[in-house]
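Student: I should like a close look at one part of this protein, with its surroundings explained in full. Please take a single buried residue and build the picture outward from there.

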Amino acid sequence: MWGLLLALAAFAPAVGQGLGAPGPSVLGLVPSATTEARISTPAPAPAPRSSPAQPPAGKDNGDLPALGPTSPSGTSQQHARIRIIKKKKVIMKKRKKLTRPSPLATARPVVTTSPAGVGDLPKEQEPGCPPLGLESLRVSDNQLEASSSQSYGLGPHRGRLNIQSGLEDGDLYDGAWCAEQQDAEPWLQVDAERPTRFSGIITQGRSSIWRFDWVTSYKVQYSNDSRTWWGSRNRSSGMDAVFPANSDQETPVLNLLPEPQVARFIRLLPQTWLEGGAPCLRAEILACPVSDPNGLFPEAPALGSPDPLDFQHHNYKAMRKLMKQVNEQCPNITRIYSIGKSNQGLKLYVMEMSDQPGEHELGEPEVRYVAGMHGNEALGRELLLLLMQFLCHEFLRGDPRVTRLLTETRIHLLPSMNPDGYETAFHRGSELVGWAEGRWNQQGIDLNHNFADLNTPLWEAEDDGLVPDTVPNHHLPLPTYYTLPNATVAPETWAVIDWMKRIPFVLSANLHGGELVVSYPFDMTRTPWAARELTPTPDDAVFRWLSTVYAGTNRAMQDPDRRPCHSQDFSLYGNVINGADWHTVPGSMNDFSYLHTNCFEITVELSCDKFPHKNELPQEWENNKDALLTYLEQVRMGIAGIVRDKDTELGIADAVIAVDGINHDVTTAWGGDYWRLLTPGDYMVTASAEGYHPATRSCRVTFEEGPVPCNFQLTKTPKQRLRELLAAGAKVPPDLRRRLERLRGKKD
């Protein structure tokens with residue numbers, strides 16, 4: 001009998017096309033490594049089987065593919081390093097050996113099946129279907145079912161690609177679907193709600209910092225009524241196809257079906273999993289819609305936008321080309337410039353949009369959007385590329401809202417702060433990049449933890465009673481350690497810091513992905529080593545206003561039926577949260593921007609899916625379009641004016657604007673103009689500058705649109721006038737001489 005089985009195994013092709021297996025690419029993904037299945041020889045004393053699951057009755061059985069080189073005892077062993085994702089940090093641990101039971105421990109024929117059907121598929125194949133929407137939440141929880149679940153937090157609704165667990169195992173937000181240990185035939189089922197052409201499956205293991213669980217092989221079945229099922233079969237042998245799955249928790253593994261199947265339901269049936277673990281998986285289904293000429297099923301919601309924009313993902317070369325096209329289409333309102341280079345030498349391009357590009361107009365505020373700080377969070381990059389196209393098109397059409405925005409504001413769009421990380425993520429593709437690959441720059445630095453920590457010296461000075469008389473509450477200098485030659489500061493970080501210093505930005509937003517929430521400073525907890533703690537700034541009211549404006553005009557955040565992305569339901573708090581009360585982030589760009597410059601910056605987490613498929617970009621644009629425009633318009637909130645010298649009428653640079661009751665000041669730009677974001681109310685505002693007498697006045701901020709003018713004229717002190725006269729070689733006027741003599745007399 002063994003001779004017959006081995007002969008069958010020799011003629012059967014290798015197990016299906018896993019991630020990187022030879023064969024066609026999907027969704028623009030480039031394969032890298034090869035997954036190979038081997039047949040191990042019978043062992044005299046077979047190990048106990050880790051997966052008790054049997055295929056459904058009436059189906060042909062397939063062999064369990066080996067997981068690595070076969071040892072003399074018939075046991076396959078594999079050593080691997082896996083990533084465990086916890087709060088955006090990656091901890092590398094070495095997992096235990098993988099053990100594949102001997103074939104003698106199963107009742108299955110020793111036949112390896114291949115969904116790819118090596119030798120059956122043509123060398124060239126059209127790209128597969130887009131994702132059905134498990135990761136993006138277009139597939140609702142009630143479309144997912146399972147044979148069993150260990151708990152509610154491990155239910156079928158948690159079996160979504162890249163879903164992240166909470167800090168505690170066993171809570172309501174665990175990191176996968178996991179079947180019960182005693183479930184002999186586990187399965188996870190997806191209802192597409194209408195006939196659908198299924199073409200492929202992507203799987204991951206369980207997201208957990210405490211356990212190692214993943215499926216190593218599975219079968220696939222289909223149905224139109226959830227009662228009668230058929231499975232994918234190997235073309236050569238006619239046996240049920242067994243697909244190789246995962247060898248760690250986080251790496252997504254793609255399998256193309258040997259032949260696309262049209263059905264309404266699809267089931268994944270785990271066959272083997274990590275020894276000592278449980279059948280746990282996260283998945284995405286690749287599926288194309290099928291026409292329904294008779295209208296038997298509800299029409300699927302359209303993912304579209306009426307705007308004629310370029311909805312696709314752009315690598316570095318394509319991004320440069322698109323920005324150039326926008327510049328050529330709207331040369332009078334656009335300018336492209338670079339603020340520096342990445343570690344790999346890619347330029348950090350910025351698109352400036354204004355009626356007078358290239359110059360700071362007196363009294364016109366400067367605003368910026370920054371995206372791509374984490375290279376694998378690609379949606380922000382594409383939204384800024386779409387925004388620059390939209391502003392150009394609408395300006396040419398004469399849209400009054402856009403025209404006013406571009407004539408009253410100078411806008412700077414940095415679509416890719418971390419182009420090196422993005423190129424890594426883009427190479428892997430939207431569905432296979434996983435949760436963390438491409439996040440860091442080429443040096444392995446997380447750019448959102450790489451800015452100077454100015455919070456700690458400020459808070460220490462406040463505790464000592466030194467603020468603001470001895471230590472200023474604004475424009476804190478860079479610490480000495482941060483400027484040393486051996487300081488670990490990324491070139492991308494330095495480029496942005498220099499950019500902040502050159503341009504008097506007033507308002508900014510840092511676009512991220514992986515959640516649906518807007519967070520505001522402070523991002524770092526005041527209590528040392530606290531994982532989370534409410535830590536507001538002196539401008540908490542302004543930051544809450546700004547955050548609420550974006551969240552309140554974002555379609556996805558305002559959808560009352562949306563489910564939480566991962567482990568927190570931010571809709572309970574209006575989809576806004578203090579950054580430190582979410583999780584502490586020392587060295588964030590938001591905190592640095594607030595404490596080192598005049599700029600107020602928030603973080604916008606745009607989508608549950610960090611790298612959405614290109615088919616979802618039109619809907620994501622519609623979700624965020626109005627929010628992006630409305631947020632830019634908030635730069636008109638508060639007061640604005642010019643601080644001038646009373647004698648010369650010239651603007652005074654670096655004058656300090658202080659508001660009573662708010663322990664955070666701003667300064668004027670080189671022309672003497674300033675902008676102070678404030679919520680509606682009455683304020684006492686003081687302008688002061690070195691060599692001038694301070695001036696105080698009342699300024700009322702209303703709900704009317706536009707900043708309230710609040711100008712100042714400062715008079716030089718006698719000492720300053722004397723300095724200037726002596727420096728110019730002029731004689732001291734009699735009135736000034738008498739005033740100086742009176743001042744000396746008072747001192748005596």
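Tutor: What follows begins with one strand residue and then moves to the helices, rings and loops.

This is a predicted model, in which local features need pLDDT of at least 70 and side-chain atom pairs count only at pLDDT 80 or more, while totals for chains, interfaces and linings use all residues. Residues are numbered from 1 along each chain as its sequence is written, and side-chain values use heavy atoms, with hydrogens and water left out.

The residue chosen is Glu601, which lies in strand β18 (residues 600–605); helices (H or I, at least four residues) and strands (E, at least two) are DSSP runs, numbered from the N terminus. Glu601 has 0% relative accessibility and therefore counts as buried. Buried means under 20% relative accessible area, exposed over 50%, and partly exposed in between, with a 1.4 Å probe and protein chains only. The side chain of Glu601 is joined to that of Ser508 by a polar contact of 2.7 Å, and also reaches the backbone nitrogen of Asn590 at 3.4 Å. A polar contact is a pair of N or O atoms within 3.5 Å; within protein, one must be able to donate a hydrogen and the other to accept it, and residues adjacent in sequence count only if both atoms are side-chain atoms. Setting aside residues up to four places away in sequence, Glu601 touches Arg368, Ser508, Ala509, Asn510, Pro521, Phe543, Met589, Asn590 and Ser593, where contact means heavy atoms within 4.5 Å.

One of these partners, Phe543, leads to helix α8 (residues 540–553). At 1.5 Å a residue, the 14 residues of α8 should span 20 Å, and its end C-alpha atoms are 20 Å apart, which agrees; the expected span is 1.5 Å times one less than the number of residues. The buried residues of α8 are Val542, Phe543, Leu546, Ser547, Val549, Tyr550 and Ala551.

Phe543 also belongs to a cluster in which ring pairs link Trp459, Phe522, Phe543, Tyr594 and Phe600. Rings of Phe, Tyr and Trp (its six-membered ring) pair if their centres lie within 6.5 Å; planes under 30 degrees apart count as stacked, over 60 as edge-to-face and the rest as tilted. A search of the whole structure finds 21 aromatic pairs. For Trp499 and Phe505, the ring centres are 5.1 Å apart and the planes stand at 75°, so this pair is edge-to-face. Both Trp499 and Phe505 are buried.

Elsewhere, Arg160 occupies the loop between β3 (144–146) and β4 (177–178). Arg160 is buried, with a relative accessible area of 1%. Beyond its neighbours within four places in sequence, the contacts of Arg160 include Asp141, Arg282 and Arg563. By contrast, Phe395 in helix α3 is partly exposed, with a relative accessible area of 25%. With neighbours within four places in sequence left aside, Phe395 is in contact with Ile333, Val402, Thr403 and Leu406.

Lastly, on confidence: the protein averages a pLDDT of 84, and 82% of the residues score at least 70, pLDDT being the predictor's confidence in each residue, from 0 to 100. Over residues 1–127 the pLDDT is below 50. Where pLDDT is low, the predicted coordinates should not be read in detail.
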